[in-house]
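Me: Please take a close look at how the nonpolar residues of this model are arranged, in the interior and at the surface. A connected account would be preferred to a list.

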Amino acid sequence: MTFKLMKLASQSQLSSWLPSIHPQVWIFAIGRFLSEVGTGCTLFYAPIFFVNQLGLSATSVGVALGSASISGVVGRIAGGSLADSGYWGRRRTLLLATAISAIASLVLATTNNFTSLVIGSLISGLGIGFYWPAAEAVVADASQIDNRRETFAIARLADNLGLAIGIVLAGFLIAIIGSYRWLFFIDAISFLVFFGVVYVGIIETEQQQIKESEKTEHFASWMAVLSDRRFLVYIAVNIFFTIYISQIHSTLPLYFKNFVLVESTATGFTETTISGLFAWHLVFAIVCQLPVTSILKRCSHTLALTVSAIFWAIGFGLIWVSGTATSHHLVWVILALGVFAVAIVSYTPSSASLVTDLAPENQRGVYFSINALCWAVGSFIGHPLGGWALDQPQIITNGYWLGFILSVAIAVVILQYLNRILAD
């Protein structure tokens, strides 16, 4: 009897974490999962490959990866308008995005110099730009007010699970074949698989079809978004978060490889260790995603984002300790990546839900387009900044992380102002 009661309680708790989610979200999540397996193969290893094997400087790699933000701006602006278009819509925009991303991965797989790296990054940025406004709009359209954060959490859960598997797979493949290039070919295949899932399983969302008659002209729609003071304040603080996330993707892998020394060898972590570390980061994010979302659902969006900001500050402090401590470097890194995992799962559902709440249904593509531009700006600033820091003397590189802690204070102040104007 006790066992049955415990089982029922567990099912009840799971049900509270997994409310009625639209079937299209589950299909889309499967596609995102499969795509992120490929992305996980390259995301954390690309900087190591381009610096340590191709011989490019960390600064030049940061600039090249940051160049994706330039084409990403074009893609996000065009992608938002296309996603809101009755003729084109979310589905076709996603198909275009995945096709472009597959081409980008093939270009990066054949990269031998800075020029080809920039070309591949520019194509990749364009694909990412087209993808995010449509992807977020699809999830937003399929959500309801009472399960919005959970719906976005499911999508992020699929992303993180795919990334975790991709990172482990990449570490295994590098250990076996010793070649990074094959990772980019795997990434290209994963985008083609995602293309197939979208083509077969995703239909144009109901809200998009119904609201087309009410749609304003694209120019007027963009002007309306840019006059939304609440949204613009959110955008200002969101750029801080995207800069933080860019450090995990590009700066930290190279920092762990070249700067955080292992006591027994006085060298950086091996690729296998780095693979395990980022796999841990993502697995912990997967474990925390639904419970943290459930807890923060009781909070306002701004409070949830403030919690995320505090965790970012703690994580950057632990990274600083990992580079300056005399021992137990691996322990400090594990703790830091665990804290970053909580910071991210606190941020992503609340951020997307806040944009959905602010955006009229027939302008969600444009709102999410500008929201996605934050990621382009974050990468444009974060990648070159991180590359520059890694090319400096060790004392400056280590102090780089303390600067992020100070920036969190600014982000928190902006969030408190946003909370006040949202309440007006």
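Reply: The account below begins with the interior and then turns to the surface. The model is a predicted one.

The largest nonpolar core comprises 116 residues. Within this core, the residues with the most contacts are Leu 252, Phe 256 and Trp 312. The element that gives the most to this core is helix α12, spanning residues 229-258, which supplies 15 residues. Two domains take part in this core: domain 1 (21-202) and domain 2 (220-423) each provide at least three residues.

Leu 252 merits separate description. Leaving aside residues up to four places away in sequence, Leu 252 touches Gln 247, Phe 278, Ile 319, Leu 337, Phe 340 and Trp 401. Apart from the largest core there is a second, separate core of 8 residues, among them Ala 285, Cys 288, Leu 296 and Val 342.

At the surface, a nonpolar patch of about 790 Å² is formed by Ile 70, Leu 122, Val 377, Phe 380, Ile 381, Leu 385, Trp 388, Ile 395 and Ile 396. Two or more of these residues come from each of α16 (364-390) and α17 (394-423). The greatest share belongs to α16, with 5 residues.

Leu 122, another member of the patch, is located in helix α7, which covers residues 114-141. Leu 122 counts as partly exposed because its relative accessibility is 31%, a value that falls between the limits of 20% for buried and 50% for exposed.

Technical notes
Residues are numbered from 1 along each chain as its sequence is written. This is a predicted model: local features need pLDDT of at least 70, side-chain atom pairs count only at pLDDT 80 or more; totals for chains, interfaces and linings use all residues. Side-chain values use heavy atoms; hydrogens and water are left out. A nonpolar core is a set of buried Ala, Val, Leu, Ile, Met, Phe, Trp, Tyr and Cys residues joined through side-chain atoms within 4.5 Å. Buried means under 20% relative accessible area, exposed over 50%, partly exposed in between (1.4 Å probe, protein chains only). Helices (H or I, at least four residues) and strands (E, at least two) are DSSP runs, numbered from the N terminus. Domain bounds come from an automatic or database domain assignment. Contact means heavy atoms within 4.5 Å. Patches are made of residues with over 30% relative accessible area and no salt bridge: like charges are joined within 9 Å, nonpolar side chains (Val, Leu, Ile, Met, Phe, Trp, Tyr) within 5 Å. Accessible areas come from the Shrake-Rupley method with a 1.4 Å probe; for residues, only the protein chains shown count as cover. A salt bridge is a side-chain nitrogen of Lys or Arg within 4 Å of a carboxyl oxygen of Asp or Glu.
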